[in-house]
Amino acid sequence: MIKNDRFLRALRREPVDATPVWLMRQAGRYLPEYRETRRKAGSFMAMATNPELACEVTLQPLRRFDLDAAILFSDILTIPDAMGLGLSFAEGEGPRFARPVRTQGDIAKLAVPDMAGSLRYVMDAVSLIRKELDNSVPLIGFSGSPWTLACYMVEGGGSDNFARVKAMALDEPAALHRLLDVVTDAVIAYLSAQRAAGAQALQIFDTWGGMLAPHLYREFSLRYLQRIAQTLERGSGMDKAPLILFGKGNAPYLEELAASGAEGVGVDWTVSLAEARRRTGDRVALQGNLDPATLYASPDAIRGEAKWTMDSFGAGPGHIFNLGHGMSPDMNPDHVKVLVDAVHAFQR
């Protein structure tokens, strides 16, 4: 039995004694112990592919803060890396693929990776983290969304305008759908393997869905999120591993995301939780949605914005407090503690 199950209870929309809180990128460069671990490891990928180091980094924020969930330390690009695209990270430049996917021939070469082979290090990390957590809090596994992964795969890395993948959507939609089909199969297999290894909840990061025009979002992002939510086996009852769909800029599509079959929807700070709750009709738990930049403000301002966020959701079950996007490397850990403690204190 999990000692602190607030997070899972909130996802089931059950009463909790305090609003659960975890933070996207809670394990990261804002922590000096993370930076020291990375220095010793030599690179980001050296940490991510080493189960012991991934476990250590996952647990670091839980030693500092009263968080209600741990999230696997990894990267959303592990799937395309395992597909043979040659992932690397240059300091200050972000991810790069040596072999981007640009043609129908490139797409034809792709296959769902072997979860017990090229991605075994992820499952070993999940198993080790579960053991080290000793049922203190739940463990979240995750994946990038098919659309977001396809963006990096086609562009070859990050992009200011995602010109290549948008052009493919318009000029070669059938080819892009073939790419998204195989990536979706991989995401389903990946999340299933994480659940089998011990993940107790699952989140999909649709980081770049919100930069699509509405008709393209529904065709190239939403339909694949819906497919995952409807086909991913998550168990039942108290053993069910709930699924959260998070998307930056997903406010226009809350009704459709709530109807997808997922148990939770994460929202950014561009929509109030009051509006999100009204539009989703309490069909799903809501996760969010403090502007991450709030953590640069004073402790009193952080407490005030945290209270405003919780008041916006209102009374009743089904809220997981989080940021509307991930933390940044130059944030102050002391401010994170102020936020986490404030969330719990306001509820009590």
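The legends below describe close-up views of a predicted model.

**View 1. Packing of helix 5 against helix 10.** Helix 5 covers residues 78-85 and helix 10 covers residues 173-197. Their axes lie 10 Å apart and meet at an angle of about 120°. That angle makes helix 5 oblique to helix 10, and the crossing of the two helices is right-handed. On the helix 5 side, the residues in contact are Thr78, Ile79 and Met83; on the helix 10 side, they are Val182, Val183, Ala186, Val187 and Tyr190. Sorted by class, this contact between helix 5 and helix 10 has seven nonpolar residues, one polar residue and no charged residues.

**View 2. Surroundings of alanine 186 in helix 10.** Alanine 186 has a relative accessible area of 0% and is therefore buried, the cut-off being under 20%. With neighbours within four places in sequence left aside, alanine 186 is in contact with Ile79, Met83, Val112, Pro113 and Met115. Ile79 and Met83 belong to helix 5 and take part in its contact with helix 10. Phenylalanine 313 lies 35 Å from alanine 186, C-alpha to C-alpha, and the two are 127 residues apart in sequence.

**View 3. Leucine 179 and the largest nonpolar core.** This core has 124 residues, of which Phe7, Leu179 and Leu339 touch the most other members. Helix 10 supplies the largest share of the core, 13 residues. Not counting residues up to four places away in sequence, leucine 179 touches Val101, Ile107, Leu110, Ala150, Met153 and Val154. Three of these residues, Ala150, Met153 and Val154, are among the buried residues of helix 8. In soluble globular proteins, nonpolar side chains tend to be buried together.

**View 4. Packing of helix 8 against helix 9.** Helix 8 (residues 146-155) and helix 9 (residues 163-171) have axes 8 Å apart, at an angle of about 110°. Helix 8 is therefore roughly perpendicular to helix 9. From helix 8, Trp147, Ala150, Cys151, Val154 and Glu155 meet Ala163, Arg164, Val165 and Met168 of helix 9. By class, the contact of helix 8 with helix 9 comprises seven nonpolar and two charged residues, with no polar ones.

**View 5. Burial of helix 8 and the residue that follows.** Ten of the ten residues of helix 8 are buried, so this helix is largely enclosed by the rest of the structure. The buried residues include Pro146, Thr148, Leu149 and Tyr152, as well as Glu155. Glycine 156, just after helix 8, takes a positive phi of about 85°.

Terms used
Residues numbered from 1 in each chain as written. Predicted model: local features only at pLDDT ≥ 70, side-chain atom pairs only at ≥ 80, totals over all residues. Heavy atoms only, no water. Axes fitted to C-alpha atoms, helices over the stretch in contact; angles between N-to-C directions. Helix = DSSP H or I, 4+ residues; strand = E, 2+ residues; numbered from the N terminus. Parallel < 35°, antiparallel > 145°, perpendicular 65-115°, else oblique. Left-handed = near helix turned anticlockwise from the far one by under 90°. Contact = heavy atoms within 4.5 Å. Nonpolar A, V, L, I, M, F, W, Y, C, P; charged D, E, K, R; others polar. Core = buried A, V, L, I, M, F, W, Y, C linked by side-chain atoms within 4.5 Å. Buried < 20%, exposed > 50% of the residue type's maximum accessible area, 1.4 Å probe, protein only.
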